[in-house]
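Biologist: I'm new to this one, so could you take me slowly through a single part of it? I'd like a close look at one helix and how its neighbours pack around it.

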Amino acid sequence: MELELLISFLGASIILSLMPGPDNLFVLTESLTKGQKNGIAISIGLSLGVLVHTLAAATGVSIIIQQSALAFSVLKYLGAAYLFYLAFMAIREKPLTLDLKNDAVTVQRPTIALIKKGFFMNVLNPKVSLFFIAFLPQFVSHTGFAVTLQMIILGLLFMVQALVVFSLIAMLSSQLTSYVNSPKFWGITKWSKITVLSLLGLTLAFSKK
């Protein structure tokens, strides 16, 4: 695997993890209302869920690549179309306002229960599976390790960076609220997400087997 591909993958992954979405906003609100330990436990569960999607994507995509150039092309264009769809949906996103003044209370629940909650939140979301099928193949090298192994390595990297990003969100939750409630923040992150998703879609559409 080329170092340049790994750096590009890691950069894109961190940007996408930082962009406001259901997972990191859930970690933020849980941390603010129930304590940062709850947020970190949920972050662990969300990150572990990435393993399931990675194995599914790695196994399925590698079989398609090995068996049929036509099937790979169809998968490639469907993946690019899905990334463009996500970019389009990002354009339509409306800013969220977090009003937690009356709700902030520290509530400790069993760590295992919170990890399970985050895990099943991630695993049972079919959109995450579609995203990984579209995202991971773009960073697979045509030389070196087997495709399946490369995608598993990429998935593990994504899992680790997501855990770090989500945990930081949990720990810095009180400082982040003002940013999330800022229209300027939403404007910057919205167009950053649109740009990243669009570039990923273009890269995938013009990639070669």
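**Helix α2 and its surroundings**

Modeller: Let's start with a pair: α2 and α5 run roughly antiparallel to each other, because an angle over 145 degrees counts as that. Their packing angle is about 160 degrees, and the axes sit 12 Å apart. Bear in mind throughout that this is a predicted model. To find the two helices on screen, look for α2 at residues 22-34 and α5 at residues 111-123. The way α2 passes α5 is a right-handed crossing. On the α2 side, the residues that touch are D23, F26 and E30, and they meet K117, M121 and N122 of α5. Sort that contact by class and you get three charged residues, two nonpolar and one polar.

Now turn to another partner of α2, the helix α7, which covers residues 147-171. Here the two axes come within 8 Å and cross at roughly 30 degrees. That angle is under 35 degrees, so α2 counts as roughly parallel to α7. This crossing is right-handed too. From α2, the residues involved are D23, N24, V27, L28 and S31, and from α7 they are F166, I169 and A170. The class make-up is five nonpolar, two polar and one charged. Notice D23, by the way: it's in the contact with α5 and also in the one with α7.

While we're at α7, it's worth seeing what else packs there. Helix α1, residues 3-18, has an axis that comes within 9 Å of the α7 axis, and the two cross at roughly 40 degrees. That makes α1 oblique to α7, since the angle isn't under the 35 degrees needed for roughly parallel. Again, α1 passes α7 in a right-handed crossing. On α1 you'll find L6, F9, L10, S13, I14, S17 and L18 in the contact, facing L154, L157, F158, Q161, A162, V165 and F166 of α7. Of these residues, 11 are nonpolar and three are polar, with no charged ones. F166 of α7 is shared: it touches α1 as well as α2.

Finally, these helices help line a pocket. The largest pocket holds about 920 Å³ of space. Its lining has 32 residues, and P20, G21, P22, L86 and K193 are the ones nearest the centre. P22 is where α2 begins, as that helix spans 22-34. The elements giving two or more residues to the lining include α1, α2 and α7, alongside α3, α4, α6 and α9. The most comes from α4, with five residues. By class, the lining has 21 nonpolar, six polar and five charged residues.

Definitions and conventions:
Residues are numbered from 1 along each chain as its sequence is written. This is a predicted model: local features need pLDDT of at least 70, side-chain atom pairs count only at pLDDT 80 or more; totals for chains, interfaces and linings use all residues. Side-chain values use heavy atoms; hydrogens and water are left out. On a 1 Å grid over the protein atoms alone, a cavity is a set of points where a 1.4 Å probe fits but cannot get out, and a pocket is an open set with protein on both sides within 12 Å along at least five of seven lines; lining residues have an atom within 4 Å of a point. Grid points are joined across faces, edges and corners, and a volume is the space filled by probe spheres set on the points. Helices (H or I, at least four residues) and strands (E, at least two) are DSSP runs, numbered from the N terminus. Ala, Val, Leu, Ile, Met, Phe, Trp, Tyr, Cys and Pro count as nonpolar, Asp, Glu, Lys and Arg as charged, and the others, Gly among them, as polar. Axes are lines fitted to C-alpha atoms, for helices over the stretch in contact, and angles run from 0 to 180 degrees between N-to-C directions. Angles under 35 degrees count as roughly parallel, over 145 as roughly antiparallel, 65 to 115 as roughly perpendicular and the rest as oblique. A crossing is left-handed if the near helix is turned anticlockwise from the far one by less than a right angle, and right-handed if clockwise. Contact means heavy atoms within 4.5 Å.
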